[in-house]
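Me: I have a model open and would like a close look at how its helices pack. Could you walk me through it?

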Amino acid sequence: MQWYFVAALLTVLTSSQGIWTTLSQSNGKYKYDYATIPFLAEFLKLSVSSFLLWKECQSPSPPRMTKEWKSMRLYLVPSVIYLIHNNVQFATLTYVDPSTYQILGNLKIVTTGILFRLVLKRKLSNLQWMAIVLLAVGTTTSQVKGCGDAPCDSLFSAPLQGYMLGILSACLSALAGVYTEYLMKKNNDSLYWQNVQLYMFGVIFNMGWLVYGDFKAGFEMGPWWQRLFNGYSITTWIVVFNLGSTGLLVSWLMKYSDNIVKVYSTSMAMLLTMVLSVYLFNVRATVQLFLGIIICIISLQMYFMPVQMLVELPQTLPVTSK
C-alpha cells in the first residue's frame with residue numbers, strides 16, 4: 001500500500017528534523033531568527049501545493065474544488081488551534097522541565113485515539129486500544145532517566161499548573177490533527193486545493209506572529225522581512241525543506257490514511273532520533289531507551305497485524321464422506 005511508503009518517509013524526515021536543526025546551530029546558538037523557519041516552511045508548502053493544483057487544472061478532467069466561503073473558512077480552525085498550542089507549549093515549559101514536558105507530550109497518543117473515536121466515529125478494536133496505550137508507555141519509557149542521571153522524583157515535583165497545561169497541550173495537538181483529518185475527508189475535493197487553503201492560513205498566521213515579534217521588540221532590529229534570510233546557511237535551508245516536506249506528507253496521510261498512522265510515524269521517528277543522537281551527539285544510551293523501542297515495536301505489530309496472524313486458529317478437520 002502507498003501509505004506504508006509515505007509513513008516510512010515521514011518517519012525518516014521527522015527523525016532528521018531535530019538533527020538538522022541541531023546541526024544548523026553555531027557554537028550552540030542560532031545565527032538566524034528561528035521564527036522565520038515555520039513561515040518559510042508554510043510558504044514552501046503553499047507554493048508546492050499551488051503548483052501541483054495548477055498542473056492538475058491543466059488535465060482533461062479538472063479537479064473538484066469547493067469555493068464557498070462557508071467551506072473555506074473551516075481551514076482557519078487548525079491554524080488557530082496550532083497558534084494556541086504553541087503558546088500553551090511555552091507556558092508549560094515555565095512550570096516543568098523539558099524531560100517532564102516530553103513525557104507529558106506522550107499523552108497526545110492516547111488523546112488522539114479518543115478523539116479519533118469521538119469526532120471521526122472510527123471504531124477501534126480492544127487490541128488496537130491496547131496497542132495505542134502500549135505505544136504511549138513505550139515512548140514514555142524511552143524518555144525516563146535513571147536515578148543516576150536525575151532525581152527519581154523530578155517527574156512529580158512540578159506545580160499542578162504545569163501538569164494541567166501539559167494535558168491541555170496534548171489535547172490541542174490531538175484536536176488539531178483529528179480536525180485536519182476531518183477537513184481532508186469531508187468531501188472529494190482535490191488534495192492540492194485543500195492544501196492551498198490550509199497553508200494559506202498557515203502563512204498568514206506565521207506572518208502575523210513575526211509582526212507581533214517585531215512589535216513586542218519595539219522594531220529594534222527593523223521589520224522581519226529585512227532580516228528574513230539573515231544567518232541562513234545550507235543546513236538552515238535543509239531544515240526549512242525538511243519541515244515543509246514533512247507537512248506535505250502529513251496532509252497526504254490525513255487524506256488517504258488516518259491520524260493513528262501519523263502517530264505511529266512520529267513516535268517511531270522520535271525513537272529513531274534518540275538512537276541517532278547516541279552516535280551523532282554522544283548522547284549516552286540507556287536501558288530505558290532500548291526497552292521503549294521494544295515496547296513500541298510490539299505495539300506497532302499489535303495495531304496493524306490482522307488478528308488471525310496474532311492468534312493461532314485451530315485447524316479445521318477435512319470432512320470425510322461416508
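To set the scene, how many helices and strands does the chain have? After that, please look closely at helix α10 and the helices that pack on it.

Reply: Happy to! Please keep in mind that this is a predicted model. The chain has 13 helices and 0 strands, and buried residues make up 42% of its 322 residues. Among contacts between residues at least 6 apart in sequence, 84% join residues at least 24 apart. The chain exposes about 18400 Å², with carbon and sulfur atoms supplying 67% of that area.

Now to α10, which spans residues 234-256. Two packed helices are described by the angle between their axes and the distance between the axes, and that is a handy way to go through the partners.

Let's take α9, residues 191-216, as one partner. The axes of α9 and α10 come within 11 Å and cross at roughly 125 degrees. An angle of that size makes α9 oblique to α10, and the crossing is right-handed. From α9, the residues L191, Q194, N195 and Y199 take part; on the α10 side they meet G247, L248, S251, W252, K255 and Y256. By class, this contact has 5 nonpolar, 4 polar and 1 charged residues.

Helix α8, residues 160-185, is another partner. Here the axes lie 8 Å apart, and the angle is about 65 degrees. The crossing of α8 and α10 is right-handed as well. G177, T180, E181, M184 and K185 in α8 meet S251, M254 and K255 in α10. The residues of this contact divide into 2 nonpolar, 3 polar and 3 charged. If you select S251 and K255 in your viewer, you will find them in the contact with α9 and again in the contact with α8.

For a comparison further along the chain, try α11 (residues 259-280) and α12 (residues 287-304). Their axes come within 11 Å and cross at roughly 155 degrees, which means that α11 is roughly antiparallel to α12. This crossing is left-handed. On the α11 side the contact includes I260, V261, Y264 and M268, and on the α12 side L289, G292, I293 and C296 are among the residues met. The contact has 15 nonpolar and 2 polar residues, with no charged ones.

To put the pieces side by side: α10 has a right-handed crossing with α9 and a right-handed one with α8, while α11 passes α12 in a left-handed crossing.

Key. Residues are numbered from 1 along each chain as its sequence is written. This is a predicted model: local features need pLDDT of at least 70, side-chain atom pairs count only at pLDDT 80 or more; totals for chains, interfaces and linings use all residues. Side-chain values use heavy atoms; hydrogens and water are left out. Axes are lines fitted to C-alpha atoms, for helices over the stretch in contact, and angles run from 0 to 180 degrees between N-to-C directions. Helices (H or I, at least four residues) and strands (E, at least two) are DSSP runs, numbered from the N terminus. Angles under 35 degrees count as roughly parallel, over 145 as roughly antiparallel, 65 to 115 as roughly perpendicular and the rest as oblique. A crossing is left-handed if the near helix is turned anticlockwise from the far one by less than a right angle, and right-handed if clockwise. Contact means heavy atoms within 4.5 Å. Ala, Val, Leu, Ile, Met, Phe, Trp, Tyr, Cys and Pro count as nonpolar, Asp, Glu, Lys and Arg as charged, and the others, Gly among them, as polar. Buried means under 20% relative accessible area, exposed over 50%, partly exposed in between (1.4 Å probe, protein chains only). Accessible areas come from the Shrake-Rupley method with a 1.4 Å probe; for residues, only the protein chains shown count as cover.
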